Amino acid sequence: MVKRDEDLASNLKFFASFAVKPLRPDPSRNSKPPHPKSSSSFLKKFSVLRSVRGAGMLPRMNCKSLEGKVGVVFGVANKRSIAWAIAQAWAEQGVKLIFNYQGERVKENVEELTATFGDEVPIYPCDVTSDVEIDAFFQNVRKHTPRVDLLLHSVAYAPREALEGRFLSTSREAYRMAHDISAYSLIALAQRVEPLMTHGGSIVAMSYYGAEKVIPNYNIMGVAKASLEASTRYLAWDMGKKSIRVNCISAGPVQTLAARGIAGFGQMIKQYEERAPLGRSCSLEEIGAAGVFLASDGAASITGQVLYVDGGYQIMGM
Ligand code: NAD
């Protein structure tokens, strides 16, 4: 426990230099007392926070559900990205974040977005097809923190021509690329983050219903998502011994950059409006909230699962 508190204090000390701005005012800040049934570890953490703050290292005290956690986010391309929705929701709950970006093309977007959290949010390049870049990314992460608690994998790609027409036409190269970027990368990132999740952790990956049922045009991405979901289960088994949980959120369709590459995407949204129990797909905010849940102690015994955030569409038989 002493070691844990030392780590927490060192993390807080480092991150105290980031002036994190909440995106919306939180009226409950500083007003809620700790829950009467709080565990002694929480109280110890609370007293560490107080003493760190007393030493002038922490600008203010927040009572947020993920306070003190450090998260790594893969997959922000722009403000419509699911990764950005989850990152914002995590940040609102007190998570300090480190981001990747995929090449110079999106660097400026990611810089602008993360600047809303403060001037010094770390962002580093990482194309997940390169082990060298993944290693370099996590070396950079280690410069900021000895511990990571959360990892978001919100990354997928398949060549546009493989996301329309007959699945039968899928080329070997499209198959390889879709699986490498959209599924294997989860394993590659989990390998690098495991040694940093010294106090357990939560890994969240983004999936879609095309993993289990045929969605015309989704094609190779459906097969890659099936691989991603199966990988989630195998990783959950391997990493559970270290109290690391691995889950997928299977989101209903939302308009994003990646979604634009899928032929007939508008028709997918329409189907959800007509057939889902809630008469709609889901919002980015709802996906963010599910990301907070999977990162929280409320999900402490949930691993290897696929959580559907899809207006209930997945339960329908006709
Ligand atoms: P997006 O385009 O905003 O995000 C996709 C991200 O993948 C981008 O940031 C892109 O830079 C990144 N990426 C692609 N190739 C990469 C590579 N080689 N290395 C590193 N990063 C790479 O779109 P999104 O819809 O937010 O997608 C995020 C995740 O959510 C994906 O896994 C997607 O399949 C999944 N998802 C999306 C929907 C939807 O309707 N939009 C529904 C369910 C699941």
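The questions and answers below set values computed from a predicted model against the definitions behind the terms.

Residues are numbered from 1 along each chain as its sequence is written. Because the model is predicted, local features need pLDDT of at least 70 and side-chain atom pairs count only at pLDDT 80 or more, while totals for chains, interfaces and linings use all residues.

Q: What makes S231 buried or exposed?
A: A residue is buried if 20 or more other C-beta atoms lie within 10 Å of its own, exposed if 12 or fewer, and partly exposed in between, with C-beta atoms placed from the backbone. S231 has 20 C-beta neighbours inside 10 Å and therefore counts as buried. S231 lies in helix α7 (residues 219-240), where helices (H or I, at least four residues) and strands (E, at least two) are DSSP runs numbered from the N terminus.

Q: How do you know which residues S231 is in contact with, leaving aside its neighbours within four places in sequence?
A: Two residues are in contact if their C-beta atoms, placed from the backbone, lie within 7 Å. With neighbours within four places in sequence left aside, S231 is in contact with A183, L186 and I187. The C-alpha atoms of S231 and A183 are separated by 7.5 Å, although the two residues are 48 residues apart along the chain.

Q: Why is E112 called buried or exposed?
A: E112 has 11 other C-beta atoms within 10 Å, so it is exposed. This residue belongs to helix α4 (residues 104-114), and its C-alpha atom is separated by 9.3 Å from that of N78, 34 residues apart along the chain.

Q: Why is N217 placed in its exposure class?
A: N217 has 19 other C-beta atoms within 10 Å and is therefore partly exposed. The residue is found in the loop between β5 and α7, and it has a positive phi of about 80° although it is not a glycine.

Q: What makes S243 fall into its exposure class?
A: Because 14 other C-beta atoms lie within 10 Å, S243 is partly exposed. Its place is in the loop between α7 and β6 (244-251), and its phi is near 60°, a positive value in a residue other than glycine.

Q: How do you know the exposure class of H199?
A: With 16 C-beta neighbours inside 10 Å, H199 counts as partly exposed. H199 is placed in the loop between α6 and β5, and it is 7.8 Å from K242, C-alpha to C-alpha, with their positions 43 residues apart in sequence counted as their separation.

Q: What makes a set of residues a nonpolar core, and which members touch the most others in the largest one?
A: A nonpolar core is a set of buried Ala, Val, Leu, Ile, Met, Phe, Trp, Tyr and Cys residues joined through C-beta atoms within 7 Å. The largest such core has 82 residues, of which V76, W90, L97 and I287 touch the most other members. Helix α3 (residues 82-92) gives the most to this core, with 9 residues. Residues up to four places away in sequence not being counted, V76 touches S81, A83, W84, A87, F99, Y101, V110 and L113.

Q: Why is the crossing of α5 and α6 called left-handed or right-handed?
A: A crossing is left-handed if the near helix is turned anticlockwise from the far one by less than a right angle, and right-handed if clockwise. Axes are lines fitted to C-alpha atoms, for helices over the stretch in contact, and angles run from 0 to 180 degrees between N-to-C directions. Helix α5 (residues 131-144) and helix α6 (residues 172-193) pack at an angle of about 35°, with their axes 10 Å apart, and their crossing is right-handed. The contact is made by D131, I134, D135 and F138 of α5 and A188, L189 and R192 of α6.

Q: How do you know which residues surround the ligand?
A: A residue is near a molecule or strand if its C-beta atom, placed from the backbone, lies within 6 Å of it. There are 26 residues around the ligand, and the closest are A77, S81, M206, T256 and A258. The largest share of this shell, 3 residues, comes from α8.
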